[in-house]
Amino acid sequence: MIKQGFLLSKFVRRRTFSSCPLPLQPKTTSFSSSPSQITQKDLCFSLADQLISRGLVSSAQKVIQRLISQCSSAPEATSAAEFAIARGMDLGFCGYVCLIRKLVISGDALTAESLYMDCVVGQGLEPDRNLLNSMIICYSKLGKLDEAKSCFDSVIKLGFTPWVGACNAIIKGFSEQDRFLEAYECFRQIGDAHDTVLHFSCYNRLVNGLSRRGFLDEGVYVFGVMKNNGVLPTVHMCKSLIIGFCKLGRVEQAEILCTEIESNGFVVDKYMYTYLINSYCKGRKIEMAMRLFLRMLEMSYEADNYTYNTLIHGFFNLGLFSRGWALCNKMVRSGLKPDLVTYQIILNKYCEDQKVDRALELLDYMLRCNVPPNVHCYTVVLAALCTERKFKELYSLYHKMLDNGVVPDHVFFFIFAKNHPIGDPLLFAQTILQAIAKESCSFDVFFTRPKSTRGAILEIERLLEEIVRGNSVSADKAFSIYMIALCMAGKLDSALDCLEKMKNLCMLPLPTAFNSLIKLLAQEGNVDAAESLIEVLQEQGLVLKQLTFSIIVNEHCIKGDVASAIDVLDKIEEMGIGANISVYNSIIGCLGRQKMMREAEKFYYRMREHGIDPDETLFVTMINAYSNNGWVNEAREFFKKMTEHNLRPNSRAYTALITGLVKKNMTEKSCLYLNRMIKDGFMPNAVLYTSLVKQFLRKREFEFAFRLVDLMKKSQLEQDLVTYITIVSGVSRNIRRFDRKRYLSSTNSDKGKNLLFHLLHEKAILPNRKSFQVLVTSEEEMKSAVLQVIEQIKKVPYMPDLHLYNGIIFGICFAQSMHAAYEHLNLMRKEGVEPNRVTYTILIDGHIQIGELHLAVGLFNEMNANGFPPDRMLFNTLIRGFCKVGKVFDALTLSHMMQKRGFLPSKGSYEKILGSLCANDSSFYALKIYEEMISHDYTPCRYHRQWLNSILHEDHRSDEACAMWVMFPNRSSQNREDKQEFLFALVAVIWQNIVFISNPI
């Protein structure tokens, strides 16, 4: 007896077949058994042999095909196939279809696939719907889903619906590979077939998988089809849809779905009600949340602390303090007491709204109610005291916290040190670690009081040794505090050494400490090292969160490398971590600064597709980006969207929109928003004044800008460093655009400015006296005004700042007092602020303006020697300087050097060189510069084009003058003067040729 399956597998491996040759002496099956043991299969084999011996091969083939189709198992079908193959007989298409189906049903998908490829595809046979359905199941079992989908589509093209088993198999396969959208596509293709009812597991897989990944509309479609087909959903499936809708902010649809499943006999439990209430509160829809809460009580569900805290957080988050406290009272009447979470919610909101006095009262109330505040409660209140600079209350509360036995943690240290403007973070870290050592060590620890940073480091390292020796559970916390302090002090090497010590002690840094180290690495330009460190610590078991990646993204965006930031975003989404709103906020802000608003909008909608709701910060970022790019209508639309998301526009949103409208000369409309801002309870602050001053300085409306500065002082608003930098840099940057005439604004502009000033002055509650005015009618008066502003700023004590120093030096250089500029440079160095490339550029430009080109070149060489390679701005400054003193060929050489270093001269520099060459009648070089400008997509001004054209005609080079117009870009859009210029050149060329023909050489 031939071993079952041997011939078939051998046949499949060799992939050979012959249906013609017949054995000369066909074998006949001999039966040694009794007639009672003869089976139908044996009779069929005998009949087939007899038919073959008579030459009736097709009849024998039909016998074998019928036998295979009637076999109850795959081994029997395989045995029949081997019988035919051993006799050189082809099974025929029907035989292969039946055999493949038997193999697939039995689970032998590999043999079925080989048989299909060899005997159907290999012979060029066209599979029918039955064979295609079998192969859908076969390929799905093998995980070859693309091939299965191809067979699935072929069945659809034939006008048939795939078998239920085939549909179940392919949907299961796609679901197991997390390809739910492709599974859903298959489901949609059979969705209209009402007689196709899939297995319950398929519906379950699709609904759960689509819901988890945010494809809720698709999940609801599957849910609806399932119900229409009479398949009852499970509670778990319904919860998946409800939670998915809530995560995407579609709480109303989630509630409708709850009502629908309740009508089908399911019970929505307290957990789901609380989840819906929480989702409504997150969406700032507190009335909807309260309605659900009351409905929950009507259904005899008892609300717990979590439910009450969820609603209390919703009320306080909206600033509805009275209703929040009323709910607290209701909570007490129901037999529940406000717990620590309840008080933390209220404390956070008090501190966020700068009601720190109320927060301090609440801390005392908690102690009276025997709910001792924890370190998190103290952290938020101490941070608020830092912000309001109430240092006396700050130190008193800090010592009170220690007296109550509350030990600071790493988060407390980070927030406190970040918000406290005074002192060395390492000295403060020492006091925190002393408290931890006192609390965690069972033995007495000797404390010292070092007065220097070095002494603090030595004391901290001694304390860490004591904490480790005492086997304290707070060791990782202590090391993390030390690492945070080192990062805040900018000591990168010491922070890395601390990380190495933790590794040797088998400890991992806490997230706040690790994020501080990542931020320091990124700030110092070691982003690659930061990403490598992330990978190393991940391998060691550190669980990364969104904040770590948001730090990397933010640092990329600060440096303007938005492409790298987007790469990080794509990476974390692939990792399944998901980006938080701060990541999108950084990228959108960076794109806005780079004037890529369409891309910024795409990322906003991408964020929304991922189920992330915009917050106040993101709205301000979008409004600010639109305003800075002049898209004020879009900025106003986003301002309206804030209210649609139940977000109250804050002062930053108003400031961004008002400034944008002023920038677009829509000052009267800006007054509408200023008035609305005041009605909303936001008084004009230093940020608004500074932004307005900046805009009016840009417009060269110096008089009005200084009136605003004067009004700001009278309003007793503190002018910080940003204000001073804005004034100095604003005057310095825009002063050279002054055309020696007082800026004349339109009547409408004056009306808007007067209304703006009136609103600001009215809310300042000041006596109606004459405001400070700066009248500038000449360059000398402007210089005097600049020096006056600088002298006023010098009297104000401020922290040394490079931007402010550069602005002051620029103003002094404009006043043509280079000696005073260098004195200020020396003062700047004495205060520990080293000049940068911008400082050198300002001084070089100052020398150029007063004709001291040799000193400018000397400073240029000194700058190179000091390790400051020139940038594009400096090259352009020197080119204009050379052209100003008539050294045009030196400027030309410098432009070539500039391009070799990878910098392209600006259009203004090219215009200076072109004009100087035309003035020297150097038509050859002028034409070269003209061609170079065109190649860089610069359009030379009309004056220089006409000048060069005239010189070329004078040099009898009219053909080249004509070529100038031919190479000119966008000829079709040129005006009448350009076309006249071309016709003049063309006529000159024709006339020159006529003269040449008439008078040949």
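Me: How much area does the chain expose, and what share of it do carbon and sulfur atoms supply?
Reply: This is a predicted model, so the figures here are computed from its atoms. The chain exposes about 50,200 Å². Of that area, the share coming from carbon and sulfur atoms is 53%.

Me: What does the secondary structure of the chain come to?
Reply: Look along the chain and you'll find zero strands. What the secondary structure does hold is helices, and the count is 53.

Me: What share of the residues is buried?
Reply: The chain has 1001 residues. To count as buried, a residue needs under 20% relative accessible area. The share that makes it is 48%.

Me: Which residues touch the most other members of the largest nonpolar core?
Reply: In soluble globular proteins, nonpolar side chains tend to be buried together. Here the largest nonpolar core holds 229 residues, and helix H26 (residues 475-488) gives the largest share of this core, ten residues. The two that touch the most other members are Val381 and Ile587.

Me: Which residues does Val381 touch, leaving out those up to four places away in sequence?
Reply: Val381 belongs to that largest core. Setting aside residues up to four places away in sequence, its contacts are Leu347, Cys351, Val356, Ala359, Leu360, Leu363 and Leu397.

Me: How many disulfides does a search of the whole structure find?
Reply: A disulfide is a covalent bond between the sulfur atoms of two cysteines. There are cysteines here in quite unlike settings: Cys506 is exposed because its relative accessibility is 74%, over the 50% cut-off, while Cys671 is buried at 3%. As for disulfides, the search of the whole structure finds zero.

Me: Is Ser175 buried or exposed?
Reply: Ser175 sits in helix H9 (residues 164-176). Beyond residues up to four places away in sequence, Ser175 touches Phe180, Ala183 and Arg205. Its relative accessibility is 8%, which is under the 20% limit, so Ser175 counts as buried.

Me: Which residue's backbone oxygen lies 2.8 Å from a polar atom of the side chain of Ser175?
Reply: Ser175 is part of helix H9. The backbone oxygen found 2.8 Å from a polar atom of its side chain belongs to Ile171.

Me: How far apart in space are Pro614 and His645, C-alpha to C-alpha?
Reply: Pro614 is in the loop between helix H33 (597-609) and helix H34 (616-628), and with a relative accessible area of 6% it is buried. Pro614 touches several residues further off in sequence, including Ile581, Tyr604, Phe619 and His645. Along the sequence, Pro614 and His645 are 31 residues apart. In space, their C-alpha atoms are 8.2 Å apart.

Me: Is Gly230 buried or exposed?
Reply: Gly230 is also a loop residue, placed between helix H12 (216-228) and helix H13 (235-247). Its C-alpha is separated by 8.6 Å from that of Val197, 33 residues apart along the chain. The relative accessible area of Gly230 is 59%, over the 50% cut-off, so Gly230 is exposed.

Me: Over which residues is the pLDDT below 50?
Reply: The mean pLDDT of the chain is 77, and 78% of its residues reach 70 or more. Where pLDDT is low, the predicted coordinates should not be read in detail. Two stretches to treat that way have 47 contacts and eight contacts beyond near neighbours in sequence. They are residues 1-37 and residues 988-1001.

Definitions and conventions: Residues are numbered from 1 along each chain as its sequence is written. This is a predicted model: local features need pLDDT of at least 70, side-chain atom pairs count only at pLDDT 80 or more; totals for chains, interfaces and linings use all residues. Side-chain values use heavy atoms; hydrogens and water are left out. Helices (H or I, at least four residues) and strands (E, at least two) are DSSP runs, numbered from the N terminus. Buried means under 20% relative accessible area, exposed over 50%, partly exposed in between (1.4 Å probe, protein chains only). Accessible areas come from the Shrake-Rupley method with a 1.4 Å probe; for residues, only the protein chains shown count as cover. A nonpolar core is a set of buried Ala, Val, Leu, Ile, Met, Phe, Trp, Tyr and Cys residues joined through side-chain atoms within 4.5 Å. Contact means heavy atoms within 4.5 Å. A disulfide is a pair of cysteine sulfur atoms within 2.5 Å. pLDDT is the predictor's confidence in each residue, from 0 to 100. A polar contact is a pair of N or O atoms within 3.5 Å; within protein, one must be able to donate a hydrogen and the other to accept it, and residues adjacent in sequence count only if both atoms are side-chain atoms.
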